[in-house]
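Reader: I should be grateful for a close look at a single part of this model, set within the chain as a whole. Please proceed step by step, as I am in my first year of study.

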Amino acid sequence: MYFGLLWGHHLNVQSFDSQRAVVPLAGAALQAKVLDFVAEVTVKQRYHNTESNPIEAVYEFELEPKAAVSAFWVEVDNRKIVGKVQEKQKARDTYDDAIASGHGAYMLEEDAKKTNQFTASVGNLPPGKEVLVVIEYVTELEFESNKVRFVSAARPNPASGLNLHAPAFMPVSTGDTFSHEVRPGFDITVELHMSSDIRSVTSSTHMIGVEFDSSSRKTAKVTLPEPGGASTTDFVLDVGLADPHSPCARLQRDDRGELVAMVSLYPELELDLARPLDAEIIFLIDRSGSMGGGFGERIEAVRSMMSVFLRSLVPGTMFNIIGFGSSYVKLFSQSVKYDDTSLSAASGHVRMMQADLGGTDVLTPLRAILSEPPLAARQIFLLTDGEVDNPDNCISTVRKMANSTRVFTFGVGREASRKLLFGMANAGEGECEMLAHGQNMVPPVIRQLGRPLKPAHTEPPLDRAGPVGLRQTPPPPSPRFGRPRPLLHRHRP
């Protein structure tokens, strides 16, 4: 899960006398409760207005596509103001009217073009006052190699004009209003409540302390030894399970007293992996001008990834390479069998690839692929660094081909559109991998390539006996192609 909440930096603000100012971050805290394969997360940030005038503070943060915001409130001047959902324009009008009247106002809105990209606005923060900004959300967690992975991104996602050169955290006096809730620096606490015994708890990014419950290996608490300062490193926590294939279920009541159940299934299947599946693999590669950014590092990263892909294909697999920008070009007129001859041609093509095809139009080649019948079980691997103007159309096109084609996506760099990439992967029953600059590309490439070559378990039989009126999501369980364990949610109104 990724949320760039500007830990270790400042909010971008505008003083009401039209002078640019900053609100120093006095402290930030993340508190997460992991229940098997979902997490309830609360993020608190404490800011202090050191200006002599009321100010408006605006900052941005991003959540991963599987996350959903469940609450937003602020505490200022001994008051707690709880957010209420309104239609977007009505909420903006309410906010603007309050600001114009000199009242405090607070607004959280999602970007219309970027899924799970949010902007929080804090208006008319009085001089010398603190504000505690609190956001709650829930999310499903990634599950790979028998480990549950919890990730929070500490990278900044500043609004325009943000001053990143000021000190990371302001000095805090003992009289600060919210210092008992959010200590100076960046603090993390994660509570683990698992149905299986916990075999290991590790972090590849931070030093952590782990305290197990005295009577059970199913419960543990993870903390940082001391609150940290400014950080540009994601916090990654891996929880190894002793019995990952054991089905589990949780039953809770929501705020209205209605029952909600979550069921997790991850059967251990005996598969004949010695016999490769017939497959047609199409590499859809972004060669737009933006791929030449970063002194050509992005297109070079794609060349490296393609080199690994080409060396890892199974002989006899059908494959093709399509580069796209404002137009698209095919390596072969149609997919060919993977052998020494086609490997040589593809390797030479990849070495000469440049970011020379103009803009970013992925929809046209997607529709061209859809118009042709698959030669085998068709798999598309999309590699791109950017955004498109029509992500919803791209996602719906992938959804139309889901019965014959799976789609796997790679985001090259942090600017890649998460809405597009995760949306296409979810619609195409695939997976998405987001890649950072300097990252070792081999593990994600091998991981992605291994997924479509595994047999599928479709339409698993489920006993749906129970009271009439139960609602389930997702309605039909998606096919199991060696993917992480599925979660099913049922609700009884």
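Author: The accessible surface of the protein chain in this predicted model comes to about 23300 Å². Carbon and sulfur atoms account for 50% of that surface. Of the 493 residues in the chain, 46% are buried. The chain contains seven helices and 27 strands. Its contacts often span long stretches of sequence: among those between residues at least 6 apart, 73% join residues at least 24 apart.

The buried nonpolar residues can be considered next. The largest nonpolar core has 46 residues, and Phe150, Val190, Leu192 and Leu237 touch the most other members. A second core, separate from it, has 29 residues, including Ile299, Met306, Leu383 and Phe408.

The part chosen for the close look is helix H6, which covers residues 418-427. Nine of its ten residues are buried, so the helix is largely enclosed by the rest of the structure. The buried residues begin with the charged pair Arg418 and Lys419. They continue with Leu420, Leu421, Phe422, Gly423, Met424 and Ala425, and Ala427 completes the set.

Which elements pack against these buried residues? Two of them are helices, H4 (363-370) and H5 (391-400). The others are strands: E4 (55-62), E23 (377-384), E24 (405-412) and E25 (432-435).

Immediately after H6 comes a point of interest in the backbone: Glu429 takes a positive phi of about 55°, although Glu429 is not a glycine. Glu429 belongs to the loop between H6 and E25. Is this residue buried or exposed? Its relative accessible area is 18%, and since buried means under 20%, Glu429 counts as buried.

Another residue that is not a glycine, Asp36, has a positive phi of about 60°. Asp36 sits in the loop between strand E2 (20-35) and strand E3 (38-48). Asp36 is buried as well, with a relative accessible area of 2%.

The two helices that pack against H6 may also be examined through one residue of each. Arg367 has its place in helix H4, while Thr397 is found in helix H5. Along the sequence these residues are 30 positions apart, yet in space their C-alpha atoms are 7.1 Å apart. When neighbours within four places in sequence are left aside, Thr397 is in contact with Leu363, Leu366, Arg367 and Leu370. Thr397 is buried, with a relative accessible area of 4%, whereas Arg367 is partly exposed at 47%.

Finally, a pocket may be described in another stretch of the chain. The second largest pocket holds about 790 Å³ of space. It is lined by 27 residues, and those closest to its centre are Phe72, Gly83, Lys84, Val85 and Leu108. Strand E5 (67-76), strand E6 (79-82), helix H1 (88-100) and strand E7 (105-110) each contribute at least two lining residues. By class, the lining comprises 16 nonpolar, five polar and six charged residues.

How values were computed
Residues numbered from 1 in each chain as written. Predicted model: local features only at pLDDT ≥ 70, side-chain atom pairs only at ≥ 80, totals over all residues. Heavy atoms only, no water. Helix = DSSP H or I, 4+ residues; strand = E, 2+ residues; numbered from the N terminus. Buried < 20%, exposed > 50% of the residue type's maximum accessible area, 1.4 Å probe, protein only. Contact = heavy atoms within 4.5 Å. Areas by Shrake-Rupley, 256 points an atom, 1.4 Å probe, with all protein chains shown as cover. Core = buried A, V, L, I, M, F, W, Y, C linked by side-chain atoms within 4.5 Å. 1 Å grid on protein atoms, 1.4 Å probe; cavity = no way out; pocket = protein on both sides within 12 Å on 5 of 7 lines; lining within 4 Å. Points joined across faces, edges and corners; volume = space filled by probe spheres on them.
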